[in-house]
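Me: I should like a close look at a single part of this protein model. Please explain carefully how that part is built and what it is joined to.

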Amino acid sequence: MYDLAALETALRGSIFDDKLDYFATIDSTNTHALAQAHEGAPHGSVYLAGEQTAGRGRGGHQWHSRPEDGIYVSILVRPQLPADRSLWLSLIAGMAVKTAVAQAAKLEADIRWPNDVLIGGKKCAGILVESAFAGNAMRHAVIGIGLNLNHESFPEPLSETATSLRLASGHLQLREHVLLNLLTALEQELAALNSGDDVLARFTGASTWVQGKPVSVAEDEGYTGVTCGLNPQGFLQVETAHGVRTVRSGGVRPSEL
Ligand code: BTN
């Protein structure tokens, strides 16, 4: 159980002030947040769960959501963002998690484009952004974040690829502390979106995957190449033997070139 009173107090004056909903158990905070968005819930609404019974990941995968061990949270935002910039939300969410991990747990994380947060090559957080549009403008988006905090182990086959802040740091993490760092970093990132801040340049500096990384891409027939930057929409560019290709849906992995 979170100390909700402490969280509410700490969020006073932020965009999340008086907008925190907690569920001991829920199917998926993203599903709930999307439904609330259609009911008119405001920018900055936060839906937090102790446990999810049907946590959803990218590409139709499930998100392992064991009770209490992780942070499972969805944030509803209504940014002024053209539809062709919607991927920027995924990029800033990844940077917010990276910042929170550095501040709260003193760990250096990497971001595998677009927004898998890795420590020592293993995934400690995943982000699922789900957006709705009205013409060429974003109507709303739900930023769903699953952060592995105090897991001491993971079930097979996850143990090969997943880690937690506890496993990486060697000590227990206080969920309220990490969550507050995360929400504060996200508020700053959302403000940066509309301030002319160069999101793409900052992301390029925050991720070792954007430039010069040999990758294999699980898209179309599958292909390999070396990453060579982001296009203006934030999509990853990969130099292949047949020219530069744009990764559309994610799923890049390291490759031996
Ligand atoms: C990924 O596949 O890496 C994205 C995982 C996103 C999981 C989070 S947990 C909170 C929110 N609710 C969901 O059902 N999914 C996201």
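The part in question is strand 10, together with the strands and side chains around it.

Me: How many residues of strand 10 are buried, and which strands does strand 10 pair with?

Reply: The model is a predicted one, and what follows should be read as a description of that prediction. Strand 10 comprises residues 236-240, and four of its five residues are buried, so that the strand is mostly covered. The term buried here refers to a relative accessible area under 20%.

On one side of the description stands strand 9, formed by residues 223-230. Strands 9 and 10 run antiparallel and are joined by three bridges. Within this pairing, Val226 stands opposite Glu239 of strand 10. The two strands form a hairpin with five residues between them, and in this hairpin Gly234 adopts a positive phi near 100°.

The other partner is strand 11, which consists of residues 243-247. Its pairing with strand 10 is again antiparallel and extends over five bridges. One of the paired positions involves Gln237, whose bridge partner in strand 11 is Thr246. A hairpin of two residues leads from strand 10 to strand 11. Strand 10 is thus paired with strand 9 and with strand 11. As a general point, side chains in a regular strand alternate between the two faces of the sheet.

Strand 11 also carries a residue that takes part in salt bridges, namely Arg245. The side chain of Arg245 meets that of Asp220 in a salt bridge, with N and O 3.0 Å apart. Asp220 belongs to the loop between strand 8 (211-217) and strand 9, so this contact links distant parts of the chain, 25 residues apart. Arg245 meets the side chain of Glu221 in a salt bridge as well, at 3.0 Å from N to O. Because Glu221 lies in the loop between strand 8 and strand 9 while Arg245 lies in strand 11, the pair ties together parts that are 24 residues apart in sequence.

The surroundings of these three residues may be described by their accessibility. Asp220 has a relative accessibility of 64% and therefore counts as exposed. Glu221, at 60%, counts as exposed too. Arg245 has a relative accessible area of 25% and is therefore partly exposed. The cut-offs behind these words are over 50% for exposed and under 20% for buried, with partly exposed in between.

In summary, strand 10 is mostly covered, and strand 11, with which strand 10 pairs over five bridges, contains Arg245, a salt-bridge partner of Glu221 in the loop between strand 8 and strand 9.

Technical notes:
Residues numbered from 1 in each chain as written. Predicted model: local features only at pLDDT ≥ 70, side-chain atom pairs only at ≥ 80, totals over all residues. Heavy atoms only, no water. Buried < 20%, exposed > 50% of the residue type's maximum accessible area, 1.4 Å probe, protein only. Pairing = 2+ DSSP bridges. Salt bridge = Lys/Arg side-chain N within 4 Å of Asp/Glu carboxyl O.
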